[in-house]
Amino acid sequence: MAKTKSSIVVFLECSECGRRNYTLRKRTRAQWKLELRKYCRFDRKHTTHKERKK
Ligand SMILES: [Zn+2]
């Protein structure tokens with residue numbers, strides 16, 4: 001797989017248990033911080049997930 005610098009991998013970390021449940025690719029130009037309501041299977045409910053880099 002060819003490496004490109006056009007996007008980076010970020011994690012979505014659960015704000016309640018701190019686990020990183022999701023990974024996604026984001027364009028490096030986008031500087032805004034992601035904050036999404038996602039389902040956390042450890043908490044068994046939807047919680048706020050915040051963007052974390054490696
Ligand atoms: Zn959680």
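This is the transcript of a short presentation on one predicted protein model.

Good morning. The structure I shall discuss is a predicted model, and I shall move from the whole chain to its strands, and then to two loop residues.

Let us begin with the chain as a whole. Its secondary structure comes to 0 helices and 4 strands. Read along the sequence, the pattern is therefore written β-β-β-β. The chain has 54 residues, and 9% of them count as buried. There is also a figure for contacts between residues at least 6 apart in sequence: 43% of these join residues at least 24 apart.

How are the 4 strands ordered in the sheet? They form an open sheet in the order β2-β1-β4-β3, and the pairing is antiparallel. The edge strands are β2, residues 20-27, and β3, residues 35-40, each of which pairs on one side only. On average, neighbouring strands of this sheet are turned by 40° against each other, with direction ignored. As a general point, side chains in a regular strand alternate between the two faces of the sheet.

I now turn to the individual pairings, beginning with β1 and β2. These two strands run antiparallel and are joined by 7 bridges. Within this pair, Glu13 stands opposite Arg20 of β2. The two strands form a hairpin, with 5 residues between them. In the turn of that hairpin, Gly18 has a positive phi of about 80°.

The next pair is β1 with β4. Strand β1 covers residues 7-14 and strand β4 covers residues 45-52. They run antiparallel, and 4 bridges join them. One pairing to find on the model is that of Cys14, whose bridge partner in β4 is His49.

The remaining pair is β3 with β4, which pair in the antiparallel sense over 6 bridges. Here Arg37 has Thr48 of β4 as its bridge partner. These strands also form a hairpin, with 4 residues between them.

Two residues of that connection deserve attention. Arg44 is found in the loop between β3 and β4. Its phi is positive, at about 55°, although Arg44 is not a glycine. Is Arg44 buried or exposed? Arg44 counts as exposed because it has 8 C-beta neighbours inside 10 Å, and the limit for that class is 12 or fewer.

Asp43 lies in the loop between β3 and β4 as well. Why is Asp43 classed as partly exposed? The reason is that 14 other C-beta atoms lie within 10 Å, whereas a residue is exposed at 12 or fewer and buried at 20 or more.

Which residues does Asp43 touch, if those up to four places away in sequence are not counted? They are Cys14, Glu16 and Cys17. Cys14 has appeared already, as the bridge partner of His49 in β4. A further distance can be given for Asp43: its C-alpha atom and that of Arg19 are separated by 10.0 Å, and the two residues are 24 apart along the chain.

To conclude, this predicted model presents an open sheet of 4 strands in the order β2-β1-β4-β3. Thank you for your attention.

Key:
Residues are numbered from 1 along each chain as its sequence is written. This is a predicted model: local features need pLDDT of at least 70, side-chain atom pairs count only at pLDDT 80 or more; totals for chains, interfaces and linings use all residues. Two residues are in contact if their C-beta atoms, placed from the backbone, lie within 7 Å. Two strands pair if DSSP finds at least two bridges between them. Axes are lines fitted to C-alpha atoms, for helices over the stretch in contact, and angles run from 0 to 180 degrees between N-to-C directions.
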